[in-house]
Amino acid sequence: MTEKEFYKKYKAIHKDIRTKGKSRTSILANGFKEGVNVNALPIYKGFEKATDIIATRYKPRKGDFVWILPKQGFVEGRNGYKTKQGYKPNPNDGFFIISDDWTLYENYCANLATPNDDLGDIDTEVEKALQEKQKNREFKDAGKRVHGSRKEQAMYN
C-alpha cells in the first residue's frame, strides 16, 4: 500500500490507553465497543503539531499501541470521533509506534515488516524515506551547531 492509499483509506486513530495492546485478541474477535465519549482522533500525516488540546495530549508516541480506522470503523459525534460498536479491524490495523520521528505510515510499514519489534527488512520506499529523514535531521543539527558558534563569536567581537 502506498502512502497516498494509506491516508486515503484510514481516517482516524484509536490509541489503546488502558490495555496497551493486550486487548488485541478480544478486539479482533468481538470488535470495538462504542465509547461514551471521544476515543478516536483524526489521522495526522506524520506527527505535526495538533490543533486541539485532546489531540496534543493523546497523540500516539513511541511505545503506544494504536488502531487505525477507516470511515466504517468510527462514528462522528458532536465532540469528535468514537469507535463504532462491533467494528472488527484487520489484524494489521493495530500496531506499536516505533519512533516519534516517523510518520504514522512509516510506523505502520515498519510493523508490517517486523512482527517481533526487530526492524528487519522494511519496504524499500519506507527505508529510503527514513534514511533521507535521518540525513536531513543530521544536516539541520549541524547547521544549528554552526549557527550557534557564529553567535558566540559575534558576542565576543
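These points describe the fold, the nonpolar cores, one core residue and the largest pocket of a predicted model.

1. Overall fold. The chain holds five helices and six strands. Their order along the sequence is α-β-α-β-α-β-β-β-β-α-α, with a run of four strands ahead of the final two helices.

2. Burial, surface and contacts. Of the 157 residues in the chain, 34% are buried. The accessible surface is about 10700 Å², and carbon and sulfur atoms account for 51% of that area. Among contacts in the chain with a separation of 6 or more, 72% join residues 24 or more positions apart.

3. Main core. The largest nonpolar core consists of 14 residues. Phe6, Ile43, Ile68, Phe95, Leu104 and Tyr108 have the most contacts inside this core. At least two core residues come from each of α1 (3–9), β1 (10–15), β3 (65–70) and α4 (104–113). The largest contribution is that of α4, which supplies four residues.

4. Ile68. With neighbours within four places in sequence set aside, Ile68 is in contact with Phe6, Tyr10, Ala12, Ile43, Asp93, Phe95, Leu104 and Tyr108. Among these partners, Phe6, Ile43, Phe95, Leu104 and Tyr108 are also listed with Ile68 as the residues with the most contacts inside the largest core.

5. Second core. A separate core has ten residues, including Ile27, Phe32, Leu69 and Tyr81.

6. Ile27. This residue of the second core lies in helix α2. Ile27 counts as buried because its relative accessible area is 11%, below the 20% cut-off. Beyond residues up to four places away in sequence, Ile27 touches Phe32, Trp67, Lys88 and Pro89. Phe32 belongs to the second core as well. The contact with Lys88 spans 61 residues in sequence, and the C-alpha to C-alpha distance of the pair is 6.7 Å.

7. Largest pocket. The volume of the largest pocket is about 760 Å³. Its lining comprises 26 residues, and those closest to the pocket centre are His14, Lys15, Arg18, Asn39 and Thr83. Two or more lining residues come from each of β1, α2 (24–30) and α3 (53–58). By type, the lining has ten nonpolar, eleven polar and five charged residues.

8. Elements with two roles. Strand β1 supplies at least two residues to the largest core and two or more to the lining of the largest pocket. Helix α2 likewise gives two or more residues to that lining, and it also carries Ile27, a member of the second core.

Terms used. Residues are numbered from 1 along each chain as its sequence is written. This is a predicted model: local features need pLDDT of at least 70, side-chain atom pairs count only at pLDDT 80 or more; totals for chains, interfaces and linings use all residues. Side-chain values use heavy atoms; hydrogens and water are left out. A nonpolar core is a set of buried Ala, Val, Leu, Ile, Met, Phe, Trp, Tyr and Cys residues joined through side-chain atoms within 4.5 Å. Buried means under 20% relative accessible area, exposed over 50%, partly exposed in between (1.4 Å probe, protein chains only). Contact means heavy atoms within 4.5 Å. Accessible areas come from the Shrake-Rupley method with a 1.4 Å probe; for residues, only the protein chains shown count as cover. On a 1 Å grid over the protein atoms alone, a cavity is a set of points where a 1.4 Å probe fits but cannot get out, and a pocket is an open set with protein on both sides within 12 Å along at least five of seven lines; lining residues have an atom within 4 Å of a point. Grid points are joined across faces, edges and corners, and a volume is the space filled by probe spheres set on the points. Ala, Val, Leu, Ile, Met, Phe, Trp, Tyr, Cys and Pro count as nonpolar, Asp, Glu, Lys and Arg as charged, and the others, Gly among them, as polar.
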